[in-house]
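Trainee: I would like a close look at one part of this model. Please take a single strand, go through its surroundings, and then place it in the chain as a whole.

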Amino acid sequence: MKLSQYWTILLSSPLLMLLTSRASFAFSFTLPSQQPNPICTPTSPYCSSISHTKPGVGTVTVSTTSVSALPLGGTNDFFNLLTSSVWAQNGWTFNKAQPVESLTGRFDIGVYAPFIFLTNPNPETVGAEIQVLYNPGAGLDPVGSNVHFIQRVVNNHAYTITLQGVIKQPPGTPDDKIDTLLEQTQPGFIDPQKPTFNPFYDTYGRVIRPPADQRILFVDTPSRDDIYYNNKNWSAELYLAEVKDPINNPTQVTIYNGISWGWKSIFTPPKITKKFSDSYTADSRGNWSEKVR
C-alpha cells in the first residue's frame with residue numbers, strides 16, 4: 001500500500017484550509033475523521049491495521065498507535081536527549097517555548113496508515129506513513145524558512161540513515177535518537193548545497209513548503225524489513241521548532257508543541273504443529289526464531 005500521492009490532495013483539501021481568528025484557541029491536531037478504518041485497503045489514507053499471512057510461516061499484523069498532543073517544549077526525555085546531543089556539545093542551545101508562545105494553530109494529519117510491502121525484488125517491509133500539515137495561527141505562530149521539525153524516534157530495530165544508504169542493525173537492537181541523517185551529527189561534514197550540522201528533520205527529510213504558503217507539510221514513512229518472527233515497536237515525538245534569530249544566534253533553537261505517533265508489528269505463528277514447534281522457539285518477548293540444531 002503506497003500512500004505518498006495523497007500529499008497533493010492533503011494540501012488542497014477544503015478540510016485543511018487555514019482557519020482565521022484563532023487567537024483564543026490552544027494548539028491542537030486534527031485527524032481525517034473521528035475513527036480510522038479498522039482494516040486498511042490500498043486506498044485508505046486513514047486506517048489502523050493491516051495483516052498478511054505467509055503460508056507455512058505465519059501472520060504479521062501492523063497497526064498504528066494513537067496520536068496524542070505533547071507538552072509545550074517537549075517531554076523531559078526528548079529535551080534531555082537534545083541537551084546532551086552532539087549539537088549541544090558543539091555550541092547549540094535549546095529552549096522550551098514559554099506558555100504565552102504556545103501554538104494557536106494546528107497539526108492537520110491527512111494520512112496516517114500502516115503498510116506491508118511485499119513487492120519483489122525489494123525486501124518485504126512493514127511500517128507506517130504519516131503526513132502532517134502545520135497550519136499556523138494567523139499572525140501569531142512562527143512561520144518562514146527558520147521554522148523546522150525535530151523528531152525523536154524510539155524503536156527496537158535500530159537503523160542508521162546516511163546519504164549513501166541505510167546501515168541496518170540486528171532486530172532487537174534498541175534505538176533512541178533525534179531523527180536525522182548520520183551526516184547531520186558530524187561537525188566536519190560539508191554539503192555545498194545546505195548547512196548540515198543541525199538536529200532538524202527537514203534538512204534531508206521529506207518536508208514540503210508550498211510557494212507563498214505559510215503551511216509546511218511533514219511526511220515520514222519509516223519501515224523495517226525482516227518482518228517475520230521479530231515483533232517491532234516504533235514510536236516518535238514530532239515537534240515544531242524555530243531559530244528565532246538566524247543572524248545573531250543561528251544555533252539557538254526554541255521548541256514548541258508536538259504530537260506523538262508510531263506503529264508496531266506483531267508476528268503470529270501458524271497454529272502450532274509438531275513440525276513448527278520442533279523448528280521454532282519463542283523468547284520472553286514473543287519473538288520467534290529457529291532452534292539451534
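Mentor: What follows is an account of strand S7, then of the parts around it, and last of the chain.

The model is predicted. Strand S7 runs over residues 125-135, and eleven of its eleven residues are buried. In a regular strand, side chains point alternately to one face of the sheet and the other. Both faces of S7 are covered. On one side are Thr125, Gly127, Glu129, Gln131, Leu133 and Asn135, and on the other Val126, Ala128, Ile130, Val132 and Tyr134; every one of these is buried. Buried here means a relative accessible area under 20%.

S7 has several pairing partners. Strand S6, residues 106-117, pairs with S7 in the antiparallel sense over eleven bridges. Within that pairing, valine 111 has glutamine 131 of S7 as its bridge partner. Strand S13, residues 216-220, is also antiparallel to S7, and the two are paired over five bridges. There, tyrosine 134 is matched with isoleucine 216 of S13 as its bridge partner. S14 is a further antiparallel partner, joined to S7 by two bridges. In that case valine 126 stands opposite arginine 224 in S14.

S14 leads on to a loop with some backbone angles to check. Strand S14 covers 223-224 and strand S15 covers 232-242, and aspartate 226 sits in the loop between them. Most residues other than glycine have a negative phi. Aspartate 226 has a positive phi of about 55 degrees, although it is not a glycine. The relative accessible area of aspartate 226 is 33%, so the residue counts as partly exposed. Tyrosine 229 lies in the loop between S14 and S15 as well. Its phi is near 75 degrees, again a positive value in a residue other than glycine.

Histidine 52 has a contact in this region. It belongs to strand S2, residues 49-54. Leaving out residues up to four places away in sequence, histidine 52 touches Gly58, Thr59, Val60, Ile116, Leu118 and Tyr228. Histidine 52 is partly exposed, because its relative accessible area is 22% and the cut-off for buried is under 20%. Histidine 52 and phenylalanine 267 are 215 residues apart in sequence, yet 9.8 Å apart in space, C-alpha to C-alpha.

Another antiparallel pairing is a hairpin. S9 and S10 form it with two residues between them. S9 takes up residues 159-162 and S10 residues 165-168, and they pair over four bridges in the antiparallel sense. Tyrosine 159 stands opposite lysine 168 in S10.

There is also a pocket to record. The second largest pocket has a volume of about 310 Å³. Its lining is made up of 15 residues, and those nearest its centre are His148, Pro195, Asn198, Phe200 and Thr203. By type, the lining divides into seven nonpolar, five polar and three charged residues.

As for the chain, it has three helices and 18 strands. Of its 293 residues, 47% count as buried. Among contacts with a separation of 6 or more, 66% come from residues 24 or more positions apart. The mean pLDDT is 88, and 85% of the residues reach 70 or more. Over residues 1-24, however, the pLDDT is below 50, and this stretch has 56 contacts in the model beyond near neighbours in sequence.

Terms used: Residues numbered from 1 in each chain as written. Predicted model: local features only at pLDDT ≥ 70, side-chain atom pairs only at ≥ 80, totals over all residues. Heavy atoms only, no water. Pairing = 2+ DSSP bridges. 1 Å grid on protein atoms, 1.4 Å probe; cavity = no way out; pocket = protein on both sides within 12 Å on 5 of 7 lines; lining within 4 Å. Points joined across faces, edges and corners; volume = space filled by probe spheres on them. Nonpolar A, V, L, I, M, F, W, Y, C, P; charged D, E, K, R; others polar. pLDDT = per-residue confidence, 0-100. Contact = heavy atoms within 4.5 Å. Buried < 20%, exposed > 50% of the residue type's maximum accessible area, 1.4 Å probe, protein only.
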